[in-house]
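Morning, everyone. Please bring the structure up on your screens. I'll take the domains, then one pair of helices.

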Amino acid sequence: MIQKTKALNFGILLVASMIMIYPIIWWVGAAFKSNEEMSRPGLFPSALKWSNFIDGWHAIPNYSFTHFYSNSLFLMGVLIIVSVISSSLVAFGFARLDFPLRNFWFVILMGTLMLPAQVTIIPQYTMFNSLGWVNTYFPFIVPHALAGGIGGSFFVFLLIQFIRGIPKELDESAKIDGCSWFRIYWNIFLPLIKPALVTVIIYCFLWNWDDFFGQLLYIGKIDSYTVTLALRMMNDSQSATDWGQLLAMGLVSVLPSAILFFAAQKHFVDGIATTGLK
Amino acid sequence: MNAQARTENEQGKGARLKKNKKWETPWIGYAFISPWLAGILLFILWPMGQSLYFSFTDYPLLDAPKWIGIGNYTKMFTEDDLFWKSIKITIVFVVISVPLKLMFALFMAMLLKQSVKGMSLFRTAVYFPSLVGASIAIAMLWQNILGRDGFVVAILSWFGREPVSIINSPDTSLLSLIVLAVWQFGSSMVIFLAGLKQIPGSLYEASAIDGASKLRQFFKITLPMLSPVILFNLIMQVISAFQMFTQAFVITGGGPMNSTNVFALYLYERAFTRFEMGYASALAWILLVIIALVTVLIFATSRKWVFYETEGGK
């Protein structure tokens, strides 16, 4: 009886995960297909068309994807650095320091976790527009540097939860030894919360890499296009003409996220599980 | 987590009363949170106030906003058919995609809870779509496989369906976005999985001795014990489903015949193609009110169906 249910579970799992992953596997095959083979459900192309990747890489006139990848990676690098510093600083303040209205601001922080971006996007746009920041990366960097932007409140919240789990005796004894609060944060807590910071780095990368709305609004010059915008441009300009190139470039664009996922699976689950569970 | 926070608060309050409301580190505390505080004031609270003000004005970006009272709102409710249509479409999307997503997530989480061979491989396969799901690349993939020449259309035509594009027919275009959303149930599933692991195995063992069937165990143990997690997933998914944008923008562009013109897309079009910033701000506030109402409603009903162990149950 138990054997039978186990086999049944295994069977269902196998079928379900095959269905789930089939489009992805098909995608990998399709990236090597010619346009004629594209509409077939079969996984494997009759011949590997590597030129999809080579031509796709140079599909946008005067630019290559090397340019867009360096734009994207530069932006992600800056966003990750400023996010890690600002969110850990703020989280330490909320978790360890005692100041007036702390609970009030904490409630505001929780509220921003649920606030739909649409409510602030228009005034933000007019603000950045009047500052001359449209077509620069400042609309992404400055909010992140102030523990905001995509995922900002979530990162602060996640780090608060993590810091609360660290025994208070630690900072008390450091305090007795005459350590300043900033040094306690910098020398003691930053090394201790490394695992949680890795989670912050991962999600900061993933969400900003996939962000479409913000990049669509604020980046209009091809020269500063990110990978996401370059893909969109390819998609618009050559609709239905060369799917092989489009799918090949799309596939390459999710590689960084996939690599990150396989390199740090454990942190993913940790990050998700700390959002709302004990 | 809640209980812990509560006791911490109470301890804090007690200590404060004794010391006659003195804070240990008022200045340094504000120094630490000052980046966030500046960000929240500059980029959240001030823009929210502004957007509320804009919603009562006529504001074509290049000119200054002109006060028109509740003009935008009356226009929206009485003249704007597309507004009503996009609300209807968005609600259909939320009401169908979120429960389906959560059901699949729970079902797969229960299967994955038992330790089977190759568990981590299965988990990866099921989680992967939601890892990359928000990206434009997935939207393009979807556009291809559900388009006129896509393989899904080819497969369905074996079963006698006319070989027409799924995303370009008004009857099925919204369905394709729903399927895409449900396909990404992985992150909810991981949360369910973590929740399931918290349920003590002794509950199942004791009920099995009493002769409870698997089905009865599911309804009497699993569902009640998991209900706080279900509530969390439900609220997060509802909030994000109301704001669905990228997929509709890339895959269908709101068409055909506005059949996928979801609310966030309609708002984007008003704001950034027609530059009607006042009207779009009013739309944004309607969206906020709808999301807030639905969230409050879910919380209000949750008293009836969410079981908290610490309260001793009902």
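Before we start on the domains, one term: two residues are in contact if their C-beta atoms, placed from the backbone, lie within 7 Å. Also keep in mind that this is a predicted model.

Start with chain A. Chain A has a domain 1, residues 2–56, and a domain 2, residues 62–274. Their C-alpha centres are 32 Å apart. Now, how many residues of domain 1 of chain A are in contact with domain 2 of chain A? On the domain 1 side there are 13, and they meet 8 residues of domain 2.

Look at that domain 1 side. Two elements each give two or more residues to it: helix H1, residues 2–30, and helix H2, residues 51–57, both of chain A. H2(A) gives the most, with 4 residues. As for character, this side of domain 1 has 6 nonpolar, 4 polar and 3 charged residues.

Next, a pair of helices from two chains. Find helix H12 of chain A, residues 227–237, and helix H6 of chain B, residues 136–145. They pack at an angle of about 25 degrees, and their axes are 9 Å apart. Angles under 35 degrees count as roughly parallel, so H12(A) and H6(B) are roughly parallel to each other.

Who makes the contact? From H12(A), Thr228(A), Leu231(A), Arg232(A) and Asn235(A). From H6(B), Ile136(B), Ala137(B) and Met140(B). Sorted by type, the residues of this contact are 4 nonpolar, 2 polar and 1 charged.

That's my part. Over to you.

Notes: Residues are numbered from 1 along each chain as its sequence is written. Chains are lettered from A and ligands numbered from 1 in the order in which they are written. This is a predicted model: local features need pLDDT of at least 70, side-chain atom pairs count only at pLDDT 80 or more; totals for chains, interfaces and linings use all residues. Axes are lines fitted to C-alpha atoms, for helices over the stretch in contact, and angles run from 0 to 180 degrees between N-to-C directions. Angles under 35 degrees count as roughly parallel, over 145 as roughly antiparallel, 65 to 115 as roughly perpendicular and the rest as oblique. Ala, Val, Leu, Ile, Met, Phe, Trp, Tyr, Cys and Pro count as nonpolar, Asp, Glu, Lys and Arg as charged, and the others, Gly among them, as polar. Domain bounds come from an automatic or database domain assignment.
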